[in-house]
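Q: Can we go through this model together? I'd like to start with the empty spaces.

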Amino acid sequence: MKLSLAQVEHVAELAQLALTEEETERFREQLSSILAYAERLQALDTADIPATATVLPLENVLRDDTVHPSLPVADVLANAPAGENNCFRVPVVLEGEA
Amino acid sequence: MKELAHLTLQDARDLLCRREVSSVELTQAMLDRILTLDNDVKAYLTLTPELALEQAADADRIRAGLGAGDPPSLLGIPLALKDILCLEGVPTTCGSRILEDYLPPFSATAVEKLREAGAVILGKTNTDEFAMGSSTENSAFFPTHNPWDLSRVPGGSSGGSAAAVAARMAFGALGSDTGGSVRQPAALCGVVGLKPTYGRVSRWGLVAFASSLDQIGCLARTVADATILIGAIAGYDPRDSTSVNTPVPNYLASLRSGVQGLRIGVPREYYLEGIQLEVESAVRAAIATLAELGAEIIDVSLPHTEYALPVYYLIAPAEAAANLARYDGVRYGLSQQGGDLWDGYRQTREQGFGPEVKRRIMLGTYALSAGYYDAYYLKASQVRTLIRRDFDRALANCDVLVAPTTPTTAFKLGEKTGDPLQMYLEDVFTLALSLAGLCGLSLPCGFDQMGLPIGLQIMGGAFDEATVLRVAHAYEQATNWHKRMPAIA
């Protein structure tokens with residue numbers, strides 16, 4: 001089954017990637033062939049098989065609620081393109097609200 | 001006197017302990033070599049010569065002040081780090097344009113542990129972008145070349161670390177292994193590569209690719225050298241909730257116990273059509289050597305082996321798609337302005353990520369998306385359980401399993417870049433063990449007609465690195481493969 005162009009464009013939107021037309025077409029081909037290869041999994045009956053999300057035995061890891069020193073704010077902001085008042089500065093998200 | 005850089009880590013350590021050489025001398029010798037050799041190999045992305053010489057001088061001072069008793073295990077030994085491990089204040093790019101200018105405000109736990117053990121850091125080595133690849137050609141900066149044949153790939157994604165160790169441009173190195181990224185380049189570069197059990201080494205400060213699979217590993221010239229490295233970095237870390245609080249054994253103590261009486265399983269599914277004949281015959285000869293050394297060889301089956309590749313290439317991209325959502329140009333990394341917030345995200349990611357990373361984000365996002373989750377991600381996670389059960393069954397009856405690490409020796413640069421699926425098939429023998437979260441190691445077991453190294457993979461149970469290392473050491477000591485060096489070294 002080959003992915004449609006609309007499917008690839010939808011996935012790119014979900015993934016927040018502004019793909020070029022050429023990339024969209026190439027990924028359509030490549031993803032289709034990788035997914036076709038993955039079809040062989042459907043041959044296995046897994047109705048009664050639990051999924052593995054982690055190989056470790058699942059248990060809560062708790063610690064005492066004690067205060068530890070954090071990184072200095074200046075160090076944390078040093079890699080950011082813009083900061084203000086000890087915060088990361090981002091473009092306007094909500095317009096027209098006062 | 002033998003060239004200093006040609007020493008094993010263990011021999012360099014002995015010379016340091018006997019005060020026959022200083023760490024500054026060792027470090028300077030390494031830096032001098034790198035300046036000439038690495039023009040051709042291109043193993044390093046960033047060199048830290050001033051930092052290294054400063055750390056070396058510190059190590060020499062510490063040693064001068066030591067009384068009797070054992071010094072820290074890596075005191076004064078120059079090592080390299082894959083550029084996906086954070087080192088405070090030093091560029092950590094993950095081989096990506098999106099992190100080209102990123103300076104981490106902290107160091108990874110494994111790196112801190114190396115420093116506590118006295119190691120000297122020479123620099124950061126090349127990697128496929130975000131560790132996604134099998135040839136180091138997916139680095140956004142340049143490909144690394146295989147020291148045995150500069151027209152060939154070193155493997156990947158820890159190709160820079162493997163090439164640096166093979167060319168004697170570091171006494172050892174750290175890498176990371178998500179689906180084979182330590183073992184496969186170790187095989188292609190003729191060095192030892194250990195992937196510890198998931199949970200054995202803290203992932204704090206290892207930039208995340210696929211969080212249920214990623215594990216920091218060691219690249220070294222000999223099994224004993226790898227043993228010293230894992231001993232330094234293993235252990236529980238409260239900052240990584242997936243690091244396991246189980247004691248770290250003295251790995252060196254059991255290294256020389258031999259293989260007499262051990263049961264070694266040979267999984268029949270690892271001898272496929274398409275495997276290079278010289279690889280198969282070298283591995284069969286290695287199995288015969290282990291039998292001569294007193295191991296009992298047992299035929300075993302891992303029946304779901306053929307499904308490891310599709311399972312891995314759904315699960316790892318799905319986890320990567322989620323992990324790489326953090327690169328939005330707001331807190332760190334490349335930041336492109338767009339028409340609005342969303343457009344800025346998309347432009348940043350479009351320009352910052354290379355083709356393989358985008359491909360995996362797309363694949364993973366698709367596998368997780370509404371309507372496809374059950375058929376792809378959930379199905380893969382269920383088959384992952386079947387793969388784990390295969391190993392549980394086989395290892396109930398054996399101490400370790402042995403197989404080839406890769407189906408072929410090193411391929412040419414550019415040979416597989418046009419077809420992602422062909423590149424993924426390079427990992428066919430290393431993926432299953434990663435999905436099961438167990439430990440494994442690759443070490444040299446021969447050379448093909450073109451003089452390219454062949455890797456033997458030894459796979460062990462959870463937290464049983466000691467047995468894997470013990471089998472590997474027994475084989476290594478019975479053979480001479482590890483003594484060969486690339487001509488350029």
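A: First, a term. A cavity is a set of grid points where a 1.4 Å probe fits but cannot get out. This is a predicted model.

Q: OK. How many cavities of 30 Å³ or more turn up in the whole structure?
A: Two.

Q: How much space is in the largest cavity?
A: About 60 Å³.

Q: Which residues lie nearest its centre?
A: Gly133(B), Gly179(B), Ser181(B), Tyr312(B) and Asp427(B). The lining of the largest cavity has 13 residues.

Q: And how does that lining of the largest cavity divide: nonpolar, polar, charged?
A: Six nonpolar, five polar and two charged.

Q: What about the second largest cavity, which residues line it?
A: From chain A, Ile34(A), Tyr37(A) and Ala38(A). From chain B, Leu309(B), Pro310(B), Tyr313(B) and Leu314(B). The second largest cavity holds about 30 Å³ of space.

Q: Which helices supply at least two residues each to the lining of the second largest cavity?
A: Helix 2 (21-38) of chain A and helix 9 (308-323) of chain B. Helix 9 of chain B gives the largest share, four residues.

Q: How many polar or charged residues are in that lining of the second largest cavity?
A: No polar and no charged ones. The lining of the second largest cavity has seven nonpolar residues.

Q: Now pockets. How much space lies in the largest one?
A: About 1,100 Å³. The largest pocket is lined by 34 residues. Closest to the centre are Phe106(B), Trp204(B), Gly205(B), Arg239(B) and Asp240(B).

Q: How does the lining of the largest pocket divide?
A: It splits into 19 nonpolar, six polar and nine charged residues.

Q: Switching to charges. How many salt bridges over all chains?
A: The count is 23. Side chains of opposite charge can pair when their charged atoms come close.

Q: Let's take Glu356(B). What does its side chain meet in a salt bridge?
A: Arg359(B), at 2.7 Å from N to O. Both residues lie in helix 11 (residues 355-368) of chain B. They are three residues apart, about one turn of the helix.

Q: Are Glu356(B) and Arg359(B) buried or exposed?
A: Glu356(B) is buried, and Arg359(B) is too.

Q: Which residues do shared salt-bridge partners join into one network?
A: Glu23(A), Glu350(B) and Lys358(B).

Q: Back to pairs. Which residue forms a salt bridge with Glu280(B)?
A: Arg284(B), with the closest N and O atoms 3.2 Å apart. Glu280(B) and Arg284(B) both sit in helix 8 (residues 277-292) of chain B, four residues apart. Arg284(B) is partly exposed, with a relative accessible area of 40%.

Q: And Asp149(B), which residue is its salt-bridge partner?
A: Arg152(B), the closest N and O atoms being 2.9 Å apart.

Q: Why does Asp149(B) count as partly exposed?
A: Because its relative accessibility is 25%, and partly exposed runs between 20% and 50%. Arg152(B) is buried, at 9%.

Q: Backbone next. Where is the cis peptide bond?
A: From Gly156(B) to Ser157(B), with omega near 10°. Ser157(B) lies in the loop between strand 3 (120-125) and helix 5 (159-166) of chain B.

Q: Why flag that sort of thing?
A: Because most peptide bonds are trans, and most residues other than glycine have a negative phi.

Q: So what is phi at Gln16(A)?
A: It is positive, about 55°, although Gln16(A) is not a glycine. Gln16(A) is in the loop between helix 1 (5-14) and helix 2 of chain A. At 15% relative accessibility, Gln16(A) counts as buried.

Q: And phi of Phe463(B)? What value is it near?
A: Near 60°, so positive in a residue other than glycine. Phe463(B) is found in the loop between strand 11 (453-460) and helix 15 (465-478) of chain B. Phe463(B) is partly exposed, with a relative accessible area of 26%.

Q: Last topic, the surface. Which residues make the nonpolar patch of about 220 Å²?
A: Leu71(A), Val76(A) and Phe88(A). Phe88(A) lies in strand 2 (residues 87-88) of chain A. At 32% relative accessibility, Phe88(A) counts as partly exposed.

Terms used. Residues are numbered from 1 along each chain as its sequence is written. Chains are lettered from A and ligands numbered from 1 in the order in which they are written. This is a predicted model: local features need pLDDT of at least 70, side-chain atom pairs count only at pLDDT 80 or more; totals for chains, interfaces and linings use all residues. Side-chain values use heavy atoms; hydrogens and water are left out. Patches are made of residues with over 30% relative accessible area and no salt bridge: like charges are joined within 9 Å, nonpolar side chains (Val, Leu, Ile, Met, Phe, Trp, Tyr) within 5 Å. Accessible areas come from the Shrake-Rupley method with a 1.4 Å probe; for residues, only the protein chains shown count as cover. A salt bridge is a side-chain nitrogen of Lys or Arg within 4 Å of a carboxyl oxygen of Asp or Glu. Buried means under 20% relative accessible area, exposed over 50%, partly exposed in between (1.4 Å probe, protein chains only). On a 1 Å grid over the protein atoms alone, a cavity is a set of points where a 1.4 Å probe fits but cannot get out, and a pocket is an open set with protein on both sides within 12 Å along at least five of seven lines; lining residues have an atom within 4 Å of a point. Grid points are joined across faces, edges and corners, and a volume is the space filled by probe spheres set on the points. Ala, Val, Leu, Ile, Met, Phe, Trp, Tyr, Cys and Pro count as nonpolar, Asp, Glu, Lys and Arg as charged, and the others, Gly among them, as polar.
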